[in-house]
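Below is a short set of questions and answers on one protein model. Each answer ends on the value or name that was asked for.

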Amino acid sequence: MPSLDLADTLVPWFRAHARDLPWRRPGYGAWSTLVSEFMLQQTPVARVIPHLEAWLERWPTPTALADDAPAEAVRQWANLGYPRRALWLHRAAVEIRDRHEGVVPRDVDALLALTGIGDYTARAVAVFAYGDRHPVVDTNTRRVIARAVDGRAQPGPPHRRDLEAMTALLPETPAEAAAMNAAAMELGQVVCTARAPRCDECPVRTSCAWLAAGRPETPDTRRRQARYEGSDRQARGAVLRRLREAGPDGAAQDAVIAEWPDRAQRDRAILSLLSDGLVETDGELLRLPR
């Protein structure tokens, strides 16, 4: 099966086997899609869904979020990780309110101009919320293309060429193209996984270049994520958790995670959070941004 015909197999497979996820249901709007994409970055689906539902119940529109304090966004983010996403999402909501009359834009360039939005998120909103035809490429998609088309065990580092590779696989009609984008991501998430691909269950196993080559091991040149335990990220998370518990008045800086075993790391975490705008200082106090 030529790579251009992968959609003929993957799209029907997706429509028959896709997981029932909130953002795939009819009528899921552009704001809901945008919030889901922010939350899904580097966070498992099962953890995202309850946070997503609570967020959209509290802030059903960009304007609702924009009119609230940034601290509330950081507090509502809770333990999702990478809390800068909460601050970026709040800033994007302000930009949508002020530049686009409270409506999430449809144009990819307009989406890219919003805080915290890159190639993947901009195209995901345009495709899945508005039905436009664009390539949508995430880590799972890149792995599927690397194996099925290129015969490699793992993709290389992200590159603009990834968009061209996915474009070559898309059907012509926007609806079919959207389904193909979602199908490639789904296949990579549940079947063509990074560590234990289930090739016997794969709908494209008869045409997969990697499987045909005997599943050769190829170098994984992607940058490795640093271990979380004992990291600066863990210290930052502990600071934010303490400030969420402290409420709007914050807490004395010296008392914030005073028990942290590495004092230099604790201080470094606080300084980095201040630099990122995730916390504010008022004399001797630390608090979430107002």
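Q: How far apart are the closest N and O atoms in the salt bridge of D150 with R152?
A: This is a predicted model, in which local features need pLDDT of at least 70, side-chain atom pairs count only at pLDDT 80 or more, and totals for chains, interfaces and linings use all residues. Residues are numbered from 1 along each chain as its sequence is written, and side-chain values use heavy atoms, with hydrogens and water left out. A salt bridge is a side-chain nitrogen of Lys or Arg within 4 Å of a carboxyl oxygen of Asp or Glu. For D150 and R152, the closest N and O atoms are separated by 3.5 Å.

Q: Is D150 buried, partly exposed or exposed?
A: Buried means under 20% relative accessible area, exposed over 50%, and partly exposed in between (1.4 Å probe, protein chains only). D150 has a relative accessibility of 42%. Its partner R152 has 31% and counts as partly exposed. With its 42%, D150 also counts as partly exposed.

Q: What confidence does the chain average?
A: The score is pLDDT, the predictor's confidence in each residue, from 0 to 100. Of the residues, 96% score at least 70. Among the elements, helix α4 (residues 62-66) has the highest mean, 98, and strand β2 (residues 280-282) the lowest, 82. The chain average is a pLDDT of 91.

Q: How many residues apart in sequence are the parts that R84 and D276 tie together?
A: The side chains of R84 and D276 form a salt bridge at 3.6 Å, N to O. R84 belongs to helix α6 (residues 84-99) and D276 to helix α14 (residues 263-276), so the pair ties together parts whose separation in sequence is 192 residues.

Q: Which residue in helix α6 forms a salt bridge with E95?
A: Helices (H or I, at least four residues) and strands (E, at least two) are DSSP runs, numbered from the N terminus. E95 counts as buried at 14% relative accessibility. Its partner also lies in α6, four residues away, about one turn of the helix. The N to O distance is 3.8 Å, and the partner is R99.

Q: Within what arc do the buried residues of α14 fall?
A: The buried residues of α14 are Q265, R266, A269, I270 and L273. The arc is that of the directions from the helix axis to the C-beta atoms. Seen down the axis, these residues line one face of α14 because they fall within an arc of 140°.

Q: Which residues are exposed on the other side of α14?
A: The buried residues of α14 are covered by elements including α13 (232-246) and β3 (285-287), where contact means heavy atoms within 4.5 Å. On the other side of the helix, the exposed residues are L271 and S275.

Q: Which residue caps the N-terminal end of α14?
A: Just after α14, G277 takes a positive phi of about 80°. At the N-terminal end, a side-chain oxygen lies 3.1 Å from the backbone nitrogen of A264. The residue supplying that oxygen is D262.

Q: How far apart are the end C-alpha atoms of helix α3?
A: The expected span of a helix is 1.5 Å times one less than its number of residues. Helix α3 (residues 45-58) has 14 residues and should therefore span 20 Å. The distance between its end C-alpha atoms agrees, at 20 Å.

Conventions:
Polar contact = N/O pair within 3.5 Å; in protein donor to acceptor, adjacent residues only side chain to side chain.
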